[in-house]
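Subject: Structure for you to look at

Hello,

Here is the structure I said I would pass on. Please open it beside this message and follow along as you read.

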Amino acid sequence: MKYIDTTGALYEGDMRPGDRAATPEEIAAWQAANAPTPAPISDRQFARGLWGEGIITFEECEAFCATGAIPAAMQALIDQLPDDATGAPTPRKEARIFVRGAKEYRRDHPLVATLGAAFGWSPEQIDARWTAWAAL
């Protein structure tokens, strides 16, 4: 059984005076917040995962791995991000640099969530992809 103490912290074991049983929602929220972050994946694993899911072509996968060329599906998402003509950092420019230049993709990088959401992926689906793609 899991309990919530007077400070709002979740714990397991014997209930202490003044504490209460945790609700299923509180347990799920705690588990989500404390789940281990999937390991980083390489640029090759990232490209291979996208190709394996049919999001990019083999040729785009190969070009991405060799030169950092952004695949069309990724570019279409990046193009939807805010930008301006000043040359200042913007979400679109940051995403281009991230996708083109990263040799390693960390699941907890904020742009992963942004691009994943643009693909329509939930955080759980992104985690599952990261875990699966790490094995490629």
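I start with the largest pocket, which holds about 160 Å³ of space. Please keep in mind that the model is predicted. The residues that line this pocket are Ala32, Ala35, Pro36, Thr37, Pro38, Arg107, Asp108, Pro123, Glu124 and Asp127. Sorted by class, the lining has five nonpolar residues, one polar residue and four charged ones. Which element gives the largest share of the lining of the largest pocket? That is helix 7, with three residues.

Next, the enclosed space. Rolling a probe the size of a water molecule over the atoms shows where empty space is left. With a lower limit of 30 Å³, the count comes to one cavity. The space in the largest cavity is about 90 Å³. Two elements each give two or more residues to its lining, namely helix 6 (110–119) and helix 7 (123–133). Helix 6 supplies the largest share, four residues. The full lining consists of Phe46, Met74, Phe98, Tyr105, Val112, Leu115, Gly116, Phe119, Trp121, Ile126 and Trp130. How many of the lining residues of the largest cavity are nonpolar, and how many are charged? Ten are nonpolar and none is charged, with one polar residue besides.

Two of the residues that line the cavity are worth finding on your screen.

Phe46 is part of helix 2, which covers residues 43–52. Is Phe46 buried or exposed? Its relative accessible area is 8%, and buried means under 20%, so Phe46 is buried. If you set aside the neighbours within four places in sequence, Phe46 is in contact with Ile41, Phe64, Met74, Tyr105, Trp130 and Trp133. Among these contacts of Phe46, Met74, Tyr105 and Trp130 also appear in the lining of the largest cavity. For a distance to try yourself, take Phe46 and Arg20: they are 26 residues apart in sequence, and their C-alpha atoms are 44 Å apart in space.

Trp121 sits in the loop between helix 6 and helix 7. Trp121 has a relative accessibility of 14%, which is under the 20% limit, and therefore counts as buried. Not counting residues up to four places away in sequence, Trp121 touches Leu50, Glu53, Ile55, Gly116, Ile126, Arg129 and Trp133. Trp133 is thus in the contact list of Trp121 and also in that of Phe46.

Two further residues touch one another.

Ile70 is found in the loop between helix 3 (58–67) and helix 4. Gln75 belongs to helix 4, residues 72–79. Why do we call Ile70 buried? Because its relative accessible area is 18%, and the limit for buried is under 20%. Gln75 has a relative accessible area of 18% and is buried for that reason. With residues up to four places away left out, Gln75 touches Ile70 and Arg96. Under the rule that leaves out neighbours within four places, Ile70 is in contact with Gln75, Ile78, Arg96, Val99 and Arg100. Arg96 is therefore a contact of both, where contact means heavy atoms within 4.5 Å. Another distance to try is the one from Ile70 to Asp84, which are 14 residues apart along the chain and have C-alpha atoms separated by 20 Å.

Last, the chain as a whole.

The protein chain has seven helices and five strands. Read from the N terminus on, the order of the elements is β-β-β-α-β-α-α-α-α-β-α-α. The C-alpha atoms fill a box of roughly 60 × 40 × 20 Å along the principal axes. The radius of gyration of the chain is 20 Å, whereas a compact globule of 136 residues would have one near 14 Å. Of those 136 residues, 32% count as buried. The chain exposes about 8000 Å², and carbon and sulfur atoms supply 57% of that area. Among contacts with a separation of 6 or more, 40% are between residues 24 or more positions apart.

Regards

Conventions
Residues are numbered from 1 along each chain as its sequence is written. This is a predicted model: local features need pLDDT of at least 70, side-chain atom pairs count only at pLDDT 80 or more; totals for chains, interfaces and linings use all residues. Side-chain values use heavy atoms; hydrogens and water are left out. Buried means under 20% relative accessible area, exposed over 50%, partly exposed in between (1.4 Å probe, protein chains only). On a 1 Å grid over the protein atoms alone, a cavity is a set of points where a 1.4 Å probe fits but cannot get out, and a pocket is an open set with protein on both sides within 12 Å along at least five of seven lines; lining residues have an atom within 4 Å of a point. Grid points are joined across faces, edges and corners, and a volume is the space filled by probe spheres set on the points. Ala, Val, Leu, Ile, Met, Phe, Trp, Tyr, Cys and Pro count as nonpolar, Asp, Glu, Lys and Arg as charged, and the others, Gly among them, as polar. The radius of gyration is taken over C-alpha atoms; the globule rule is 2.2 Å times the number of residues to the power 0.38. Accessible areas come from the Shrake-Rupley method with a 1.4 Å probe; for residues, only the protein chains shown count as cover.
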